[in-house]
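Visitor: I'm new to this one and would like a close look at a single part, with enough of the surroundings to find my way. Could you start with the contacts between charged side chains and go on from there?

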Amino acid sequence: MHYHGHRERLRARLELSPESLADYEILEMLLGYALLRRDTKPIAKEMMVRFSSLHGVLSARPEELRAIPGVGNGILAFLNLLREFMARYAESPVRRREILSTPETVAEMARQRLGKISHEEIWVAYVDTKNRLISWERASKGTLDSTILYPRDIVERALILKAAGFILVHNHPGGDPAPSGADIELTKRLLHAAQSLLIRFVDHVIVTDSSSCSLIKDGFL
């Protein structure tokens, strides 16, 4: 097939000068691992036209991607795998039990997983007495602009894990990290629940794909 030679030329360019490849060529090569026996150049170009950037492609919803001719379950599964790989790569320093010393450290860890998705999710970092990570796990998955969380579930999980404290993290898909009234109210309820059991509520961090807000550091409490 003609695209085999084209892929080999792209691989040669990648080895010689990776920065010389256009964004659509990078995407084309990636998609080639999902569609081994198909020319992925037209698909990659159409993705870049519709979503403007590699960031846009990875942030696109499944129904948006399926609207592109040639995109099926194989590509959707591959892109999901790529997102998960990138999220775990971003989380890996913390998973090695490094100290979560600042809100920025937490936000950097969380942004790769949460910053690009189109619905709200709440994740919790449970830590020991030195703020080293014990567990990083999703607590709730919601809609475009809301999610449901019960404070007792968080503190009960902290007790099960024998955690000394926890950091709450959630995303704002709209791009504005400023907390809503509901965010502040939830934080106050969590703080009260944690204090009653002598568990440290370290912070509540809100992330977008490019910014973050710490309710503690930024004076919302």
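Guide: Happy to. A salt bridge here means that a side-chain nitrogen of Lys or Arg sits within 4 Å of a carboxyl oxygen of Asp or Glu. By that rule the structure holds 11 salt bridges. Keep in mind that you're looking at a predicted model.

Let's get our bearings before zooming in. The chain has 221 residues, and 42% of them count as buried. Its secondary structure adds up to nine helices and five strands. Reading from the N terminus, the order is α-α-α-α-α-α-α-β-β-α-β-α-β-β. Measure the C-alpha trace along its principal axes and you get spans of about 70 × 30 × 30 Å. As for contacts between residues at least 6 apart in sequence, 62% of them join residues at least 24 apart.

Now for the salt bridges themselves. In helix H1, which covers residues 2-16, Glu8 and Arg11 sit three residues apart, about one turn of the helix. They form a salt bridge, and their closest N and O atoms are 2.6 Å apart. Both partners are partly exposed: Glu8 has a relative accessibility of 47%, and Arg11 comes in at 34%.

Helix H6 has a pair of its own. Glu84 and Arg88 are four residues apart there, again about one turn of the helix, and their side chains meet in a salt bridge at 2.6 Å, N to O. Glu84 counts as partly exposed because its relative accessible area is 27%, which falls between the 20% and 50% cut-offs.

The next bridge reaches across the chain. Glu104 and Lys217 join their side chains at 2.8 Å, N to O. This pair links distant parts of the chain, with Glu104 in helix H7 and Lys217 in the segment after strand E5 (212-214), 113 residues apart. Glu104 is partly exposed at 42% relative accessibility, whereas Lys217 is exposed, with a relative accessible area of 53%. There's also a small network, in which salt bridges that share partners join Arg61, Glu63 and Glu64.

Helices H6 and H7 come up again if you look for open space. The largest pocket has a volume of about 510 Å³. It is lined by 21 residues, and those nearest its centre are Asn80, Arg83, Arg113, Ile117 and His119. Elements giving two or more residues to that lining are helices H4 (54-59), H5 (62-66), H6 (73-95) and H7 (103-114), along with strand E1 (121-127). H6 provides the largest share, six residues. Sorted by type, the lining has nine nonpolar, five polar and seven charged residues.

Strand E1 leads us on to helix H9, as it is among the elements covering the buried residues of H9. That cover also includes helix H8 (151-161), strand E3 (165-171) and strand E4 (200-207). The buried residues of H9 are Asp183, Ile184, Leu186, Thr187, Leu190, Ala193 and Ala194. Does the helix have the length you'd expect, or how far apart are its end C-alpha atoms? They are 23 Å apart, which agrees with the 22 Å that 16 residues should span at 1.5 Å a residue.

After H9 comes Leu198, with a positive phi near 60 degrees. Then there's Ile199, in the loop between H9 and E4. Ile199 counts as buried because its relative accessibility is 6%. Leaving out residues up to four places away in sequence, Ile199 touches Val155, Ala158, Leu159, Ala164, Gly165, Phe166 and Ala194. Ile199 and Ala163 are 36 residues apart in sequence, yet their C-alpha atoms are 7.8 Å apart in space.

A word on those positive phi values: most residues other than glycine have a negative phi. Two further exceptions are worth finding. Lys162, in the loop between H8 and E3, has a positive phi near 60 degrees, and it is exposed at 73% relative accessibility. Asn131, in the loop between E1 and strand E2 (133-141), has a positive phi near 65 degrees, but Asn131 is buried, with a relative accessible area of 14%.

Technical notes: Residues numbered from 1 in each chain as written. Predicted model: local features only at pLDDT ≥ 70, side-chain atom pairs only at ≥ 80, totals over all residues. Heavy atoms only, no water. 1 Å grid on protein atoms, 1.4 Å probe; cavity = no way out; pocket = protein on both sides within 12 Å on 5 of 7 lines; lining within 4 Å. Points joined across faces, edges and corners; volume = space filled by probe spheres on them. Nonpolar A, V, L, I, M, F, W, Y, C, P; charged D, E, K, R; others polar. Buried < 20%, exposed > 50% of the residue type's maximum accessible area, 1.4 Å probe, protein only. Expected span 1.5 Å × (residues − 1). Contact = heavy atoms within 4.5 Å.
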